[in-house]
Amino acid sequence: MEERITQLHKLMLRHDYKGHDPFDLPNSPLLAWMPGKWRVPQLLLSKFGSRIAPNWVRQTLRVPPIEDPKIYSCCYFAYRLLGREWSSSAEAMLERLVSMAGKSEETEGTEKATLHWGYDYTWGTLYDGVNPRRASTLVPGAFAMLALLHEVIACSGEKYRQPLRQALRWYANHHRRAGASGTFLGYFTTSTINTHNANVLGCLALSLGGKLLQDQAYLQLAAEATQTTISAVRADGFIPYNDHPRGGWTDCFHHLYVVAALQGIAAVNPFVDQHHIQQNVARMMEYYRQQFLRDDGLLNYFPNRLHPIDPHNYAAAAMFGILTGGQEGIQHARALLQRLDELAWNPNNGSYTYRQHSNKNDERLFLRWTQVWMLLALAASCHPARLNEQLESYTTLREPGR
């Protein structure tokens with residue numbers, strides 16, 4: 001694990017933490033003529049780029065490498081887990097996060113600065129229209145806020161309290177949406193569909209931020225939005241990706257995003273029904289055991305379906321085990337990462353294979369999707385005691401008895 005961590009860190013340095021993304025084909029200067037509001041062409045281009053387009057397509061279209069808030073956030077957490085000698089690298093990731101954020105001044109009696117993050121490409125979706133390039137997006141924003149929260153809570157990083165305030169203000173004000181089932185936090189500021197992993201990741205950030213800053217409004221909003229996701233959990237523990245009629249699917253890592261976020265929310269937010277959340281979490285955990293865990297030590301990607309073998313999926317499951325499973329969870333995480341390494345490490349490239357399908361390997365290099373997640377999971381697996389030590393700082397935010 002230590003050898004892989006060193007190799008992945010060197011990979012990040014070689015690329016200056018920037019790279020291509022599965023969905024970045026719209027960034028080609030040769031496609032700049034295409035209007036951003038053309039939903040179907042943007043959607044098809046996005047799908048082609050993520051599922052099919054080989055490396056030569058990006059080279060031919062001159063798609064530039066980009067920076068991404070999830071790259072910086074995952075690397076930040078990894079470096080904090082690797083110890084004090086990595087502090088300067090962790091600090092550099094936070095500085096990059098704040099520097100790349102979208103900034104604005106909002107007038108509400110007095111001018112108030114806000115920060116937000118988005119993906120650096122136009123993103124056409126099947127469910128929620130087209131999100132413009134760098135427009136505010138909840139998942140990368142939640143990861144960025146969780147990194148800032150961790151620095152303030154666990155590492156006494158008071159210089160990041162103000163950027164955190166500005167980000168919480170933005171996401172609470174601009175991502176609050178109303179749907180058929182009630183209030184939720186939208187993936188985009190224009191969302192009409194509740195994407196559940198994004199909703200609860202945002203609610204986790206608002207819950208932690210509300211407790212840290214003693215802001216009841218954030219806690220209440222997070223509790224209200226969390227309930228719309230809880231209501232979507234079915235009797236067998238399945239939760240759909242989103243509430244769109246065509247969003248009734250899931251995969252392992254999105255399922256675990258929801259479970260982990262719900263557990264964090266239940267621990268710190270006084271306005272949620274902790275018992276009700278834990279009942280649903282128990283059903284979701286049973287679904288995870290039945291549909292994603294395998295007797296051969298591998299991990300299903302979709303319910304009861306092995307392929308694609310995706311390092312992102314294994315890394316997320318390993319992180320979940322370390323965070324929630326005690327010593328048994330740590331051992332399971334290490335076993336998952338060992339099997340994945342045997343299958344997907346490419347020594348010629350010094351990186352992990354993007355995806356293995358039943359009949360071929362996809363060797364495209366995507367830092368955000370694959371490599372930073374493995375760096376984080378390996379760092380946590382090497383240093384679970386350090387992770388627990390840092391998380392002890394969060395106990396001051398927990399509600400009594402939780």
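Which helix holds isoleucine 230? Isoleucine 230 is found in helix α9, which covers residues 216-230. This is a predicted model, and that helix is one place to enter it.

Start with the surroundings of isoleucine 230. At 3% relative accessibility, isoleucine 230 counts as buried, because the cut-off for a buried residue is under 20%. What does isoleucine 230 touch, once its neighbours within four places in sequence are left aside? Its contacts are then Leu262, His276, Ile277 and Asn280. Tyrosine 72 gives another point of reference. Tyrosine 72 and isoleucine 230 are 158 residues apart along the chain. Their C-alpha atoms are separated by 30 Å.

Now step back to the whole chain. Its secondary structure comes to 15 helices and 10 strands. How compact is the chain? Its radius of gyration is 20 Å, and the globule rule gives 21 Å for 402 residues. The two values are close, so the chain is as compact as a globular protein of that length. Along the principal axes, the C-alpha atoms fill a box of roughly 50 × 50 × 45 Å.

The inside comes next. Of the 402 residues in the chain, 59% are buried. Isoleucine 230 is one of the buried residues. Consider also the contacts between residues at least 6 apart in sequence. Among these, 69% join residues at least 24 apart.

Then the outside. The chain exposes about 16600 Å². Carbon and sulfur atoms supply 50% of that area. As for charge, the chain carries 40 positive side chains and 36 negative ones. The centres of these two sets lie 4 Å apart.

Last, the cysteines. How many disulfides does a search of the whole structure find? The search finds 0. Two cysteines help to show why. A disulfide needs two cysteine sulfur atoms within 2.5 Å. Take cysteine 75. The closest cysteine sulfur to its own is in cysteine 74, at 7.1 Å, which is too far for a bond. Cysteine 75 is buried, with a relative accessible area of 0%. Now take cysteine 155. The closest cysteine sulfur to its own belongs to cysteine 75, at 16 Å. That is again too far for a bond. Is cysteine 155 buried or partly exposed? Cysteine 155 is partly exposed, with a relative accessible area of 24%.

Technical notes: Residues numbered from 1 in each chain as written. Predicted model: local features only at pLDDT ≥ 70, side-chain atom pairs only at ≥ 80, totals over all residues. Heavy atoms only, no water. Buried < 20%, exposed > 50% of the residue type's maximum accessible area, 1.4 Å probe, protein only. Helix = DSSP H or I, 4+ residues; strand = E, 2+ residues; numbered from the N terminus. Contact = heavy atoms within 4.5 Å. Rg over C-alpha atoms; globule rule 2.2 N^0.38 Å. Areas by Shrake-Rupley, 256 points an atom, 1.4 Å probe, with all protein chains shown as cover. Lys, Arg positive; Asp, Glu negative; His and termini not counted. Charge placed at Lys NZ, Arg CZ, Asp CG, Glu CD.
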